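Subject: Structure for you to look at

Hello,

Here is the structure I said I would pass on. Please open it beside this email and follow along.

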2 protein chains.
Amino acid sequence: MKLLPERTVERLSKYRRVLQRELDNGTDHIYSHELAKLLHITPVQVRRDIMLIGHTGTLRKGYSIDNLIKLISEIIDCSSSVQNVAIVGIGKLGQALLDYLNDSNTKLNLSAVFDNNPDKIGTSYSGTVCYSIESLKKIVEREGITIGILTVPPEFAKEVSTMMKDAGIVGIINYTPVSLKLDGTFLEEYDVITTLEKVAYFSKPKNAKLL
Amino acid sequence: MKLLPERTVERLSKYRRVLQRELDNGTDHIYSHELAKLLHITPVQVRRDIMLIGHTGTLRKGYSIDNLIKLISEIIDCSSSVQNVAIVGIGKLGQALLDYLNDSNTKLNLSAVFDNNPDKIGTSYSGTVCYSIESLKKIVEREGITIGILTVPPEFAKEVSTMMKDAGIVGIINYTPVSLKLDGTFLEEYDVITTLEKVAYFSKPKNAKLL
DNA sequence: TTTTTAATGTGATTTTTGTAACAGTTGTTA
DNA sequence: TAACAACTGTTACAAAAATCACATTAAAAA
C-alpha cells in the first residue's frame, strides 16, 4: 500500500478508538457521517481516509466496525511485529505520559523507562522498571524497542536523542523545547509553550477565525 | 496586519525563544540562515515568516534581534493586555505542564489551577493556588483568564470544556483523548496516543520517509 | 572604481491537505 | 415495478503550507 498522509494516520488512530467503543456497545456497522460526528470532522474526510486504506463499506449499511478496526490495527501496529516503546526521562511529564499509555488500549507496548537519577533507577513506575540511561543501548536491543519518548530536561535533549538513535530507536517524540534533527529517524516534535502561545495568538478577538 | 498562518505563529514562538538566548549571549543581529539552522528549517521559510510580520532586515547585516523579539512579542502577547491562563485538572499532566510554564519565559501569565478533588483545592501547586471547578466562572472573571489548558480525566472533558467556555475562556488546549467542538472558541486538540501511534506508523521501515 | 560575493524580499510553483460535487448503487416506498 | 432516498467511492477543485527561483542591493575584494 502507498504511504498514507500524516493527517490520515492521525485520524486512523482516533477512528480506531471510537470504533472500539462502538463495538463494545454492541454496534457492528457505522456510517461515515456517524463516525464523522464522533470526531467532529466531515463525512467526506472519513470516506476518503477509509478509501485510502483500501477498505470498502457496504452501500446503505456502512462500514463493518470489526473489519475496520482490524485493518487499522494492521496498518498502525503491524500486528505481525509488536513495537516496543521507551520513555526516556521519567520526570513529571514522563510519568504523566506513562499513565496515558497505560490507560489507553493501544497495541504499542511500553517496555522500559530510563532516567539518570540514581534514586529513580531500579524503581518501578506504574509497573515499568526504570533503567539507567547508561544502559539504554543494552536494554533497547534486548527488548527490541523501536520508539522513544523524550522527556528529559532541555540541556540533555541533544545528547540523549543521539544516544537513542545510536541505540537503534527509529521513531522519537521530542517533548523538550529543543529543536532536534536526526537523520534516519522519524522525529516528531511537540512544544508545549509554542502550542500555548499559538492558542494565545488565535484567541485574541482580532485574530479569531470566524466560521 | 493580516491574520498569520498557524505554522508561522508556531515558528514565531520558537524564533523568539532562540533569539532571546542569542541576545543573552550578546549577539545583536542574526542572518536568516543562522536562525534557520537553530530550528532546523530553511532560510527561505525564516525570511518569509519575517516578511509576513512586516519586519525588514538589513541587507548583509541580517535582522536586529532586539527588534524582532519586540515585534514577535507584540504579535503573540499583545503587550497592551496580558493574557491569563488557567490549568483545569491538576493531575500529573497538569502539574507537568505547569512546570513547563514556570520554567519558560513566556509572557503569558498562569493565574489559577482548578480541580474537583477536595484534597487539592486550596493547595498551592508550584506557587499557584488550586480552586474548585465550581468556582471556575467566578475566578476566570475575577482574574481575567482567557486561555485554558484542559487536563481532566476524559469522562469530564465535555462537561468541563463547556463550563470553561461559559466562564468566558476563548482559547482551549484539550489534552484529553476526547474530541471536542466548541463554537466561538479557538480549540487546539492534542492527543498523546494518536501522536504515538503516528510515530509508530512512520517508524516502520516500509513507511520511512526517505530524504 | 569595477567586480564579485552574500544577503534580503518576493512572485511563481509545488506539495499537502481538505472540500465539493456527483456518479453509481442498493434498498424502500408508492 | 417505478420513483425516490440514502449512502459509498472518486474525481475535480480549493486552500494552506512549503519551496524554488531570482531580482535586488549592500559590502567586500580586486
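Below is what was found in it, starting with the chains and ending with the cavities.

The model is predicted, so please treat every value here as computed from it.

**The two chains**

Chain A and chain B bury about 6,200 Å² between them. Carbon and sulfur atoms account for 65% of that area. In terms of contacts, 67 residues of chain A touch 66 residues of chain B. There are 14 salt bridges between chain A and chain B, and the count over all chains is 29.

**The domains of chain A**

Chain A is divided into domain 1, residues 6–76, and domain 2, residues 84–195. Their centres, taken over C-alpha atoms, are 30 Å apart. Five residues of domain 1 of chain A are in contact with five residues of domain 2 of chain A. The area buried between these two domains is about 320 Å², with 42% of it from carbon and sulfur atoms. On the domain 1 side, A:Glu6, A:Arg16 and A:Gln20 lose the most area to domain 2, and together they make up 66% of what that side buries. The number of salt bridges between domain 1 and domain 2 of chain A is zero.

**A:Arg16**

Side chains of opposite charge can pair when their charged atoms come close. Which residues does A:Arg16 form a salt bridge with? One is B:Glu197, on the other chain, where the closest N and O atoms are 2.7 Å apart. Another is A:Asp77, with the closest N and O atoms 2.5 Å apart. A:Asp77 sits in the loop between α4 (65–76) and β3 (84–88) of chain A, while A:Arg16 is in helix α1 of chain A, so this pair ties together parts that are 61 residues apart in sequence.

**The largest cavity**

The model has three cavities of 30 Å³ or more. The largest has a volume of about 80 Å³. Where does the largest cavity lie with respect to domain 1 and domain 2 of chain A? Both domains give residues to its lining, so the cavity lies between them.

From chain A, the lining includes A:Ser13, A:Arg16, A:Arg17, A:Gln20, A:Ile69, A:Asn105, A:Thr106 and A:Lys107. Chain B adds B:Ile193 and B:Glu197. This means that A:Arg16 and B:Glu197, which line the largest cavity, are also a salt-bridge pair. Helix α1 (6–24) of chain A and helix α8 (192–203) of chain B each supply at least two residues of the lining. The greatest contribution is from α1 of chain A, with four residues. Sorted by class, the lining has two nonpolar, four polar and four charged residues.

**The second largest cavity**

The second largest cavity holds about 50 Å³ of space. What classes of residue are in its lining? There are ten nonpolar residues, no polar ones and no charged ones. From chain A they are A:Leu93, A:Leu97, A:Tyr175, A:Tyr190 and A:Val192. From chain B they are B:Leu93, B:Leu97, B:Tyr175, B:Tyr190 and B:Val192. Helix α5 (92–103) of chain A and helix α5 (92–103) of chain B each give at least two residues to this lining.

To find these places on screen, start from A:Arg16 for the largest cavity and from A:Leu93 for the second largest.

Regards

Key: Residues numbered from 1 in each chain as written. Chains lettered and ligands numbered in written order. Predicted model: local features only at pLDDT ≥ 70, side-chain atom pairs only at ≥ 80, totals over all residues. Heavy atoms only, no water. 1 Å grid on protein atoms, 1.4 Å probe; cavity = no way out; pocket = protein on both sides within 12 Å on 5 of 7 lines; lining within 4 Å. Points joined across faces, edges and corners; volume = space filled by probe spheres on them. Nonpolar A, V, L, I, M, F, W, Y, C, P; charged D, E, K, R; others polar. Domains from an automatic or database assignment. Contact = heavy atoms within 4.5 Å. Buried area = accessible area lost by both parts, 1.4 Å probe. Salt bridge = Lys/Arg side-chain N within 4 Å of Asp/Glu carboxyl O.
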